[in-house]
Amino acid sequence: MPCRNRLTAAERLRGEIRIKNLFLSGKSFIVYPYRVVYDMGDAANPLLPSAILVSVSKKRFKQAVRRNRLRRCIKEAFRLNKSLLNDSLQAVGKTVDMAILYLDREELPYATLEKSMKELLQKLSGKILSEDSKDMK
């Protein structure tokens with residue numbers, strides 16, 4: 001079994017069709033400084049329950065160095081806390097594709113980014129469990 005604390009290439013959302021479907025049919029919510037667009041599916045591969053895409057606006061952060069740093073910090077916050085989401089996904093037998101969009105105009109400290117990421121993952125986990133209970137009825 002692969003290490004739980006890695007963010008592998010398979011866990012990164014890729015492919016034009018898959019990304020287009022996410023933004024066309026996905027649901028979204030905001031946990032500041034993030035906006036999350038997510039789309040659930042049935043578990044094709046139970047070892048990889050979530051796939052993410054991270055985006056930082058070029059309009060707000062002109063320098064690629066700052067955009068890349070923010071992307072790395074967001075991915076790291078997700079990597080360290082993804083078990084909050086993956087455990088509930090595996091319990092209900094679902095997968096989720098999600099895009100995490102950074103909204104703030106300034107670069108926030110890593111501690112703030114990680115705290116917001118934990119809130120985001122707990123909120124998404126709650127939505128997944130509530131949607132699953134609706135499907136069971």
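1. A patch of positive charge on the surface brings together K58, K59, R60, K62 and R105. Patch members must have over 30% relative accessible area and no salt bridge, with like charges joined within 9 Å; a salt bridge would be a side-chain nitrogen of Lys or Arg within 4 Å of a carboxyl oxygen of Asp or Glu. Lys and Arg count as positive, whereas His and the chain ends are not counted, and the place of a charge is taken as NZ of Lys or CZ of Arg. Accessible areas come from the Shrake-Rupley method with a 1.4 Å probe, and for residues only the protein chains shown count as cover.

2. The model is predicted, so that local features need pLDDT of at least 70 and side-chain atom pairs count only at pLDDT 80 or more, while totals for chains, interfaces and linings use all residues. Residues are numbered from 1 along each chain as its sequence is written, and side-chain values use heavy atoms, with hydrogens and water left out.

3. Within the patch, K62 sits in the loop between β3 (50–56) and α2 (64–81), where helices (H or I, at least four residues) and strands (E, at least two) are DSSP runs numbered from the N terminus. K62 counts as exposed because its relative accessibility is 63%, given that exposed means over 50%, buried under 20% and partly exposed in between.

4. The aromatic pairs number 3, under a rule that pairs rings of Phe, Tyr and Trp (its six-membered ring) if their centres lie within 6.5 Å, and that calls planes under 30 degrees apart stacked, over 60 edge-to-face and the rest tilted. One of them is the edge-to-face pair of Y34 and Y102, with 6.4 Å centre to centre and 65° between the planes. This pair links distant parts of the chain, since Y34 belongs to strand β2 (residues 34–42) and Y102 to strand β4 (residues 94–102), 68 residues apart.

5. Both Y34 and Y102 are buried. F61 and Y102 form a tilted pair, at 5.9 Å centre to centre and 50° between the planes, which links the loop between β3 and α2, where F61 lies, to strand β4, 41 residues apart. F61 is buried because its relative accessible area is 1%, and Y102 is likewise buried, at 3%. Y34, F61 and Y102 form one aromatic cluster.

6. E76, in helix α2, is partly exposed because its relative accessible area is 30%. The C-alpha atoms of E76 and N5 are separated by 9.9 Å, although these residues are 71 apart along the chain.

7. A cis peptide bond, with omega about 10°, joins Y32 and P33, and P33 is placed in the loop between β1 (27–31) and β2.

Notes. Patches are made of residues with over 30% relative accessible area and no salt bridge: like charges are joined within 9 Å, nonpolar side chains (Val, Leu, Ile, Met, Phe, Trp, Tyr) within 5 Å. Buried means under 20% relative accessible area, exposed over 50%, partly exposed in between (1.4 Å probe, protein chains only).
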